[in-house]
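User: I am new to this structure and would like to learn how to read it. Could we take the features one by one?

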Amino acid sequence: MIVEEITMPAFEAGLKQTRSAILPVGSVEEHGAHLPLGTDTIHVYELAKKTASLRPVFVLPPLWYGLCRSTSQHAGTVGVTGLNLRAFVLDIISSLYGQGIRNLVLISGHAGGTHMAFLVDAGEEAISRFLDMKIAVLSVLDLLKDVPSGLLETPGDSHAGEVETALMLHLRPDHVQGTSPREFPSFPPFILSRNKRRFWPNGVWGDPAKATVQKGEALLEHEVKGLMNLLNTLEGFND
Ligand SMILES: [Zn+2]
């Protein structure tokens, strides 16, 4: 059930089938010279919709903005700060609870560590407020940790590289503009830099040239399976 497309009676009827929902979180963020700025949101929203075509679950409209730290100075990145992200997500969770949702998967297409930490913090606050609500927080990269060996060729690939390029070749081939050179950032350990582009000029973390449409299809299928399993586990979870 795609929430933005259904009516009030359909939502009410849907609650009789399931109390589970997916809130996709994305970003407006540079993805090299070849992928669109909305890559994270497009990816996670398509993943959620595909999952909802296979089992009863509500899919909320995605959040288009996230916290982008290391790409904040690259052209096109439009981010929000952590406390606002946390507060906004917490408001949505509170409203969903009022609507009868009891199992929520907060899944992000953007996997930045600071961004994820604020989502986890919003989830922790929500489970302390709503004692019969169950929440899972993860990024799409978490679903790819156990991809079958041989599918991916670039160790450590994470941003606008093999994985995301393959997925976009599958999901939005018209929006992929060729490719970008292989790149890995060279940030110094622990030290925060004011000049992030100096250590990561082209905004690619991995190797886009290794992407194929077939890999994209297989990756999405793997992610859908993982998300289905997580929903089942969450629904049966008791602590
Ligand atoms: Zn991304």
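User: Which residues have the most contacts inside the largest nonpolar core?

Analyst: In soluble globular proteins, nonpolar side chains tend to be buried together. In this predicted model, the largest nonpolar core has 29 residues. Those with the most contacts inside it are Ile22, Leu47, Val59, Val105, Ile107, Leu219 and Leu227.

User: Which element gives the most to this core?

Analyst: Helix α8 does, with six residues. At least two residues each come from α2, β3 (103-108), β4 (134-139), α5 (140-143), α6 and α8 (213-235). A further core, of 25 residues, lies apart from this one and includes Val25, Phe58, Leu67 and Met133.

User: What is Val59 in contact with, leaving aside neighbours within four places in sequence?

Analyst: Val59 touches Met1, Ile2, Val3, Ile22, Pro24, Tyr45, Ala48, Lys49 and Ala52.

User: Now the metal. Which residues are the protein donors of the zinc ion?

Analyst: His31 donates through NE2, Asp40 through OD, and Glu164 through OE, with Glu164 (OE) listed twice. These donors lie 1.8 to 2.7 Å from the zinc ion. Their spacing in sequence is H-x8-D-x123-E. His31 sits in the loop between β1 (20-25) and α2 (39-52), while Glu164 is in helix α6 (residues 162-171); the pair is 133 residues apart and links distant parts of the chain.

User: Are His31 and Glu164 buried or exposed?

Analyst: Both His31 and Glu164 are buried.

User: Why is the arrangement around the zinc ion irregular?

Analyst: Ideal angles for four tetrahedral donors are 109.5 degrees. Here the arrangement is irregular because the four donor atoms subtend angles of 52 to 140°.

Terms used. Residues numbered from 1 in each chain as written. Predicted model: local features only at pLDDT ≥ 70, side-chain atom pairs only at ≥ 80, totals over all residues. Heavy atoms only, no water. Donors = N, O, S within 2.8 Å, 3.2 Å for Na, K, Ca; no water. Tetrahedral: all angles 85-135°; square planar, octahedral: opposite > 155°, others 65-115°. Helix = DSSP H or I, 4+ residues; strand = E, 2+ residues; numbered from the N terminus. Buried < 20%, exposed > 50% of the residue type's maximum accessible area, 1.4 Å probe, protein only. Core = buried A, V, L, I, M, F, W, Y, C linked by side-chain atoms within 4.5 Å. Contact = heavy atoms within 4.5 Å.
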